[in-house]
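Here is a set of short questions and answers on how structural labels are earned. Keep the sequence and the 3D view open while reading.

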Amino acid sequence: MKNSLTPVMKQYWDVKSLHPEKIVLFQMGDFFEMFYKDAEIAAPILSIALTSRSKKDPVPMCGVPLHAMPKNVGKLLLAGYKVVICDQVSGNSGRKGLVARKVSRILSPGMTYDPSFLDELKSHYLCAFDQSTVSFVDHTTGEAFTYSFSSLEECHRLILLIQPVEIVFDDRQKNQLPFSLENTHFSLHKNLSSTTAPDSVRRLQSYIQNMGGEKALKNLRPFEKRYTGENLFISDTTHKHLEILQTFEAQSKGSLFSAVNRTVTSSGARLLKQRLLSPLADQKAIEKRLDRVEYFVRHMEVCHQIRELLKGVGDLERTAGKVCSPSVNARDVLSLGRALEESLKLADYDPYFKQLVQDHFSTLKDLSQKIIEQICPSAPLSLKEGGLFNKEVDEELDSLVDWSENSQKMIAQMEDEERRKTNIPSLKIRYNQVFGYSIEVTKVHTGKVPAHYFRKQTLTQAERYTTEDLQSLEEKVLTSRAKRADREYKMFQEVLENIYNCLPEIHCIARAVNDLDVSSSLAFVAVERNYTRPVFGKDLYLKDSRHPVIEQSRSFTPNTVAMKKGECLLLTGPNMAGKSTLMRQTALNVLLAQIGSYAASSEMRLPVFKKIFTRIGSSDRLHSGLSTFMVEMKEAGEILDQADENSLIVLDELGRGTSTYDGLSLAQAILEYLITYNKSYIFFSTHYHELTNIHTRCIQHGYMAVQEVKDDIEFLYTLRKGACGRSYGIAVGEKAGLPKKVITRAKELIERFEKNSEEPVQTELF
């Protein structure tokens, strides 16, 4: 087949044969083309037309223009495909022959081409694991960290929590992968880097280098060691139950993150998400964050000034990441220079920030000033056209720019001068792609041609000549633009190298900016929503606590919760009265406190919890063969196995998915087990009113009050001491709009059932 191909298509197949499972984007002039099966796959994803080279050669093909390539590559990566970028490395201007092309980068879902087309509020992690460590890298920001684990289940929990875009594995790990992850891609990669780091780190380093070359490793920070014991244990299930990052409908609006996110920068928002995913379990570290928030609460004028400055800083992490990507252009570098300049101004407003960056201040100030002074604001996107630098940056460049920009003026001046010297009014200096510049004289005036003119070409009506001066000018004109582009490209690479050398300092200030954004934004929401600073001690006490999400959408009735270690608040009352809300708001306020935030209450005291567990709502996993009740029992079993005395446990309506006696028996047995063995802080809501007959000092009885008005009920959403003997289910059904005949029949049946102390039995329908 290759014998019948054109030289260009042979070149294409030389690349494609090395990457058969990847989509190859092959540069042809101002377009990147895809051929054969690649084109058939890509065309519908990119919403572009599928064509062919010619009728005689019906090769399927499609293409995207150079300027639109990053966006389209992003679409292919999001669709789960790996992409090979094959660039032209030389032009064919002024010479014949095949244009040289070279693979510049291989991309995967976790290795992006241009971070600006990603979700700016979401981290973009690559992941690898070995027998004892699991490592993560966000290539767009340089963030890199490693966790140690003691079991594969713990490894899977960390992966489920952090949600990497791509997991890199070897042959031995195929049966150990967490295949339950949605929107995660798996890539086989056997090689390890030659460092002495754990295998999970070495696999990521090797993979990144293999995909992007040595340059791709420049933006990576040293891998930070993290420990699960430093953080509050929250399972993936608990995250879903509490709707921390998104609601059950997979929407950000209505989540805890949406309710408390007042960050100015997208990098700050990503850090806030990370803190919500992994709250702290160390009091000193929590207090340190709270001190930062309190500083801004007490200095709101400074807080507002900082938030204005942060708008000019933007996403410093990904701006630096873009400069380290192969798609970098001069405007990206200028954006980095301006972002650094704005970020350094923050030191004038926050002493803590100033302390963090003081060792790097002068280095980054010099770097930002040089970038802003040198890079032209109107620089083209291409690095090979010139126009990247301002004037008076480099004398040699200024000379080349002068020649390239004023060449036509110089030619015109020479033309006027030659007319005057020769007294030939029709004399013209013309340019031809084959013969270059020449002096054209009509045959009428050939007798006036000076002796130093050399004949180049004879035409029907004219003769063409050249001179030593014209040849010299021609050489300068024709080469000045190429030399200018080469000179600017070389200078630009020097600028990039200076930036690469300063990446540790840039990463340091980027982290400081993100921390400042989160701290000031939490202070802003604390003042906005009247939150209070939590105090850590032995007991759990939330005075006039509110639900931080619900209170932002409607009026809310605060409630006070007071508990000691080993106690259980046993909640009864009707559906829709607020039992679940009360339990969730307690858990959410604890979580806010342990990320180092103020919380939604007028006073808050709490111990430093090590774990939070929840069992809320009904759901099934039919794809795994698990019914709603089985899911409920499995989640309850995990809580009983893992909870300890430093845990907060929220259990909502256990045992509803089976018969009355079965459900009641299980609910009571689980409650007794938690009180007897776990001795943690327990919230337990139920409609099994028989449980209210349990009387022990460990159990507080509480109910959500309602007010009966004739045949209707009014929810008061108020927690009161004691037990409620009714669930008001029929009244709730009536409020929900059930037909009157159904309500009437239900009232008849409940009267009959209440007269019979035994379990209700099936009765005749009519």
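The turns below deal with a predicted model and cover its cores, a buried charge and its strand pairing.

Q: What makes the 111 residues a nonpolar core?
A: A nonpolar core needs buried residues of the listed nonpolar types, joined through side-chain atoms within 4.5 Å. The largest such set here has 111 residues. Val333 and Ile506 touch the most other members. Helix 17 (residues 503–529) gives the largest share, twelve residues.

Q: Which residues does Ile506 touch, not counting those up to four places away in sequence?
A: Ile506 touches Ala320, Leu336, Leu340, Leu364, Leu367 and Ile499. Contact means heavy atoms within 4.5 Å.

Q: Which residues does the second core include?
A: Val15, Phe26, Val84 and Val168 are among its 27 residues. This core is separate.

Q: Why is Glu505 said to have no salt bridge?
A: A salt bridge needs a Lys or Arg side-chain nitrogen within 4 Å of a carboxyl oxygen. The nearest side chain of opposite charge to Glu505 is Arg511, 9.9 Å away. The cut-off is 4 Å, so no salt bridge is counted. Glu505 is nonetheless buried and sits in helix 17. Leaving aside neighbours within four places in sequence, Glu505 contacts His360 and Leu364.

Q: Why are strand 14 and strand 16 called edge strands?
A: Each pairs on one side only. The open sheet has four strands in the order 14-15-17-16, with antiparallel pairing. Strand 14 spans 428–432 and strand 16 spans 454–458. Neighbouring strands of this sheet are turned by 40° against each other on average, direction ignored.

Q: How do you know that strand 14 and strand 15 pair?
A: Pairing takes at least two bridges. Strand 14 and strand 15 (residues 436–442) have five, in the antiparallel sense, so they count as paired. Tyr431 stands opposite Tyr437 in strand 15.

Q: Which helix packs on the sheet by touching strand 14 and strand 15?
A: Helix 15 (residues 395–422) does, with its direction at about 140° to that of strand 14. Helix 16 (residues 468–501) lies across strand 14, strand 15, strand 16 and strand 17, running at about 140° to strand 15.

Q: What makes strand 23 mostly covered?
A: Four of its five residues are buried. Buried means under 20% relative accessible area.

Q: How do you know that strand 13 and strand 23 pair?
A: The threshold is at least two bridges. Strand 13 and strand 23 have two, in the parallel sense, so the pairing counts. Phe233 has Lys611 as its bridge partner. Strand 23 also pairs in the parallel sense with strand 24 (residues 647–652), over five bridges. There, Ile612 stands opposite Leu648.

Technical notes. Residues numbered from 1 in each chain as written. Predicted model: local features only at pLDDT ≥ 70, side-chain atom pairs only at ≥ 80, totals over all residues. Heavy atoms only, no water. Buried < 20%, exposed > 50% of the residue type's maximum accessible area, 1.4 Å probe, protein only. Lys, Arg positive; Asp, Glu negative; His and termini not counted. Axes fitted to C-alpha atoms, helices over the stretch in contact; angles between N-to-C directions.
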